[in-house]
Amino acid sequence: MSARAERRAALLNQLPLWLGLVLLWMLLWGSFSWLNLVTGALLASLVSIVFYLPAVQLSGRLDPARTVVFLLRLLGDIVRASVQVAWLALKPLRTTAGPQSAIIAVPLRTRSDLILTWTAVATSIVPGSIVIDTDRVSSTLYLHVLGVRTHAQIDLFRASVLATERRIVGAFGSREDLERLALGDAVAAVAAATGAVAADARAASTRDDDSDRRNLDDTGKET
Amino acid sequence: MTPAIGDVVTAVLVLSAALMCLAAGVGLLRFPDVLSRLHAATKPQIFGLIAVTLDVAVNNFTLGTVTLSVAIVAFQALTAPMAAHLIARVAHDTDRFRPELLVVDELGRANRRGDRGD
Amino acid sequence: MGIVVIVAAVLFGAGGLCAVYRIVRGPSVLDRVIASDVLVATVICALGAEMAINRHVDTLPVLLVLALFAVLGSLAVGRFLGGKEHS
């Protein structure tokens, strides 16, 4: 790939984000006029040149139906989370005996920053969880979870985060991520069949993945 | 007939928003540590804000109002988790939390093991 | 409608007062920052509720600005206190 074609691909990759900035500008003014379009385009260019950030790798894939499902589900989760936390705060009986929250690690299967970010934001809004830290190299989210008392509940919660990731990948994840999910399912099925030994193997394989990822980051272009 | 229904909708949405704000305040008082209080601080208001702006947008259904409402909710929904994450990380890193309230602390474990990637 | 206004005002006020109490008493800086966030969010919701009840849209830009910049307080404090550098 020549340098010129590469630059064109990079610009094409940035185009949706640039359009998003223009749209935001028009949202802020609350009207869609030509003047707003022109000034928005100018400002968007200015902002992306002056405040330069490393380019986000968009996946180039968008499934409208699944995106709508994801957003609706997210809205429902927000409402559910609000009511649930409000109930925890307002419920008359005080039950603070013993630990009732946990900090858990959720190793995601995606290797895309975009999906990692979206999953982090989405899980921050859904019931009872706040992202404390992320580990970009291994795509691990560290979450503080409110209202869990047992390890069974923790496992349940971890599964719900992974389900959120699955919905997001289904909506606008890359093909590699989709394949990785399918692969993870296969491994999980084997693990369920053969028990703890396979789980250990899976942990080892994610560690291998991490080193792969580091190599990819070094070379940069392959992702 | 219609204005009466509109009034009822407004009343329900405004009251639920107010209840959510109250819950946030009470949660601040009753939850035992910083990390738990963060939950109270971030979540109920988003619902309250959605309810209120929905009502405003429905009552004054113009393009400008609706887009502005969407922008408000989007910004709040994006910035609240970000603030919560910042505070939570500082709280955890500087040990301003109460480990006895946690069932497990897998982040602390990972940090001690030193296998964090960044 | 009058009753609704009174009840809503009492609820908003109580929520705000709880936040103020936590700002005053809060054992650590972080508690105070969280509480001030809650206070801002309560103000946002109350302004919005006033708009909804009185059927106007005049303070919508104010809401937008508050929603945008409410995060700056936490951001500044978070940066200032800093965390351990994971190296």
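**Chain A: its interface with chain B and a surface patch**

Student: How many salt bridges does the rule find across the interface of chain A and chain B?

Tutor: In this predicted model, the rule finds 1 salt bridge across the interface of chain A and chain B.

Student: What makes the pair A:Asp133 and B:Arg89 a salt bridge?

Tutor: The criterion asks for a side-chain nitrogen of Lys or Arg within 4 Å of a carboxyl oxygen of Asp or Glu. The side chains of A:Asp133 and B:Arg89 meet at 3.7 Å, N to O, and the pair therefore satisfies that cut-off. In addition, 4 residue pairs are counted in polar contact between chain A and chain B, both residues being at pLDDT 80 or more.

Student: Which elements supply the side of chain A that touches chain B?

Tutor: At least two residues each come from helix H1 (3-29), H3, strand S1 (101-107), helix H4 (113-125), strand S2 (129-135), strand S3 (140-146) and helix H5 (151-172) of chain A. H3(A) gives the most to that side, with 11 residues.

Student: How do you know how much area chain A and chain B bury between them?

Tutor: Buried area is what two parts lose in accessible area on being put together, summed over both, so the value of about 3,900 Å² belongs to chain A and chain B jointly, and 70% of it lies on carbon and sulfur atoms. Within the area that chain A buries against chain B, A:Ile103, A:Ile130 and A:Ile132 supply 16%, more than any other three residues. In terms of contacts, 50 residues of chain A meet 45 residues of chain B.

Student: Turning to the surface, why is A:Phe51 called exposed?

Tutor: A residue counts as exposed at over 50% relative accessible area, and because A:Phe51 reaches 62%, the label applies. A:Phe51 is placed in the loop between H2 and helix H3 (64-90) of chain A.

Student: Which residues make the nonpolar surface patch of about 660 Å²?

Tutor: A:Phe51 is one of its members, and the others are A:Leu21, A:Leu43, A:Leu46, A:Val47, A:Ile49 and A:Val50. Helix H2 (residues 34-50) of chain A provides the largest share of the patch, with 5 residues.

Student: What share of the residues in chain A is buried?

Tutor: Of the 223 residues in chain A, 36% are buried, a label that requires under 20% relative accessible area. Chain A has 7 helices and 3 strands, in the order α-α-α-β-α-β-β-α-α-α along the sequence.

Terms used: Residues numbered from 1 in each chain as written. Chains lettered and ligands numbered in written order. Heavy atoms only, no water. Patch = residues over 30% accessible without salt bridge, like charges linked within 9 Å, V, L, I, M, F, W, Y side chains within 5 Å. Areas by Shrake-Rupley, 256 points an atom, 1.4 Å probe, with all protein chains shown as cover. Helix = DSSP H or I, 4+ residues; strand = E, 2+ residues; numbered from the N terminus. Buried < 20%, exposed > 50% of the residue type's maximum accessible area, 1.4 Å probe, protein only. Contact = heavy atoms within 4.5 Å. Buried area = accessible area lost by both parts, 1.4 Å probe. Polar contact = N/O pair within 3.5 Å; in protein donor to acceptor, adjacent residues only side chain to side chain.
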